[in-house]
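Q: Please take me on a close look at the second largest pocket. I'd like to know what lines it and how the parts around it connect.

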Amino acid sequence: MKTPAFAGLLKAFQRQPQGEGDCLVVRHGERAFRIAVKRSATARRLTLRIRGATGDIVLTVPARTSFWQAQDFAERHALWLANRLARIPRRTPFLPGEKIPLRGVEHELRHCPNPVRRAGPVWVESLDETLALCASGESAHFERRIADFFRREARRDIEQAVFRHATRAGKRPISVSLRDTSSRWGSCSAKGALNFSWRLILAPPFVLDYLAAHETAHLRHHDHSEKFWALTRSLCPQTEEAEAWLKTHGAQLHRYGRAGIPAINGE
C-alpha cells in the first residue's frame with residue numbers, strides 16, 4: 001500500500017517537464033548551472049545547447065521524458081557545460097572604464113559628474129587621445145543613461161535608414177520599434193511593422209543599413225525569394241559584406257550591457 005508521502009515522491013519522480021517554465025539545476029565543482037527545460041512533441045532525443053548570445057542553457061526533451069531522465073542527462077553533461085560556458089566571453093557592463101563599440105568604433109565609458117562643457121546627459125568626446133562616451137549625473141544612474149543613449153542613437157539611425165530604403169522601395173512600414181532579442185536582428189510582421197535590435201548601433205554603419213534594407217524589402221516580398229534578395233541588394237550593395245560581418249561578429253554584440261534592458265517609453 002502506497003503511503004501519501006511515497007505517492008508524492010513517486011509523482012515528483014515521474015513528473016514530466018512542461019516546457020520553458022521548468023528548469024533543472026546541476027552542479028560541477030563549485031558552480032551551479034540553471035537549465036531551462038523545453039518539452040517538444042517532435043523531439044526524438046534529449047538535446048542540450050547553450051545560447052551563445054546570452055549564455056542561457058536549454059535542454060530540449062521528447063514529450064514523454066520524465067523529470068529524473070532529464071536531470072540525469074544534464075548531470076552527465078555538467079563537465080561539457082562548464083567547458084563550453086568558460087569559452088563564452090564575459091559580459092561587458094555599461095560601467096565607467098569599460099570599452100564599448102559605437103557604430104563599430106570602440107569608445108571608453110567615462111563618468112563626468114560635473115562637466116565643464118555639457119552637450120546633454122551623454123556625449124562623445126576625445127579625452128587623452130581616447131574616444132570617450134561620457135555621462136554626467138549621479139553614478140547610480142550611469143548604466144541607465146548609457147543604455148538610453150544607445151537606444152536613442154539606434155532609433156535615429158534605423159529610422160533614417162528605413163525611411164531612405166522605404167522611399168526607394170515604394171512601400172512604408174506602419175511602425176518601427178526596437179527590441180533586445182537574441183534570436184534575430186530584425187523582423188517584419190505581416191501587417192508591415194518593423195522591429196529591430198537596438199544593438200545594431202554597436203555594429204559598423206553598413207551592418208545597420210543592411211538590416212534596415214533587409215526588413216524594408218520584406219514589406220514588398222514577405223519571403224526570401226530571388227525577388228526579395230534582388231531588392232535587398234539594390235537597396236544595400238553591401239549585403240554580402242554585412243551578412244559575413246554578422247556571421248563572424250554578431251554574437252559578440254550581445255555581451256555588452258545587461259541582457260534584456262527595458263526599452264525607452266515601454267517599447
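**A close look at one pocket**

A: Let's start with the whole chain: among contacts with a separation of 6 or more, 52% are between residues 24 or more positions apart. Bear in mind that this is a predicted model. The protein has 267 residues, 44% of them buried, and its secondary structure comes to 7 helices and 11 strands.

Now the pocket. Its volume is about 190 Å³, and 14 residues line it. Which of them lie nearest its centre? Those are Gly186, His214, Glu215, His218 and His224. Sorted by class, the lining splits into 6 polar, 5 nonpolar and 3 charged residues.

As for where the lining comes from, β10 (186-188), α5 (205-217) and α7 (239-249) each chip in with at least two residues. The top contributor is α5, with 4 residues.

One residue worth a stop here is Thr232, which sits in helix α6 (residues 226-235). Setting aside residues up to four places away in sequence, Thr232 touches Tyr210, Ala213, His214, Ala217 and Thr239. His214 should ring a bell, being one of the residues nearest the pocket's centre. Is Thr232 buried or exposed? Thr232 has a relative accessible area of 0%, so it counts as buried.

From α5, step back along the chain to the loop between β11 (193-197) and α5, where you'll find Trp198. This is where the aromatic residues come in. The model has 5 aromatic pairs. In one of them, Phe150 and Trp198 are stacked, with 6.3 Å centre to centre and 25 degrees between the planes. That pair ties together distant parts of the chain: the two residues are 48 residues apart, with Phe150 in helix α4. Both Phe150 and Trp198 are buried. They also belong to one aromatic cluster, along with Phe94 and Phe149.

Following Phe150 takes us to helix α4, which runs over residues 142-169. Does its length come out as expected, or not? With 28 residues at 1.5 Å a residue, α4 should span 40 Å, and its end C-alpha atoms are 40 Å apart, so the two agree. Right after α4, Gly170 takes a positive phi of about 75 degrees.

So, to pull it together: α5 gives the pocket lining its biggest share, Thr232 of α6 touches His214, and Trp198 in the loop between β11 and α5 pairs with Phe150 in α4.

Technical notes:
Residues numbered from 1 in each chain as written. Predicted model: local features only at pLDDT ≥ 70, side-chain atom pairs only at ≥ 80, totals over all residues. Heavy atoms only, no water. Buried < 20%, exposed > 50% of the residue type's maximum accessible area, 1.4 Å probe, protein only. Contact = heavy atoms within 4.5 Å. 1 Å grid on protein atoms, 1.4 Å probe; cavity = no way out; pocket = protein on both sides within 12 Å on 5 of 7 lines; lining within 4 Å. Points joined across faces, edges and corners; volume = space filled by probe spheres on them. Nonpolar A, V, L, I, M, F, W, Y, C, P; charged D, E, K, R; others polar. Expected span 1.5 Å × (residues − 1). Phe/Tyr/Trp six-rings, centres within 6.5 Å; stacked < 30°, edge-to-face > 60°.
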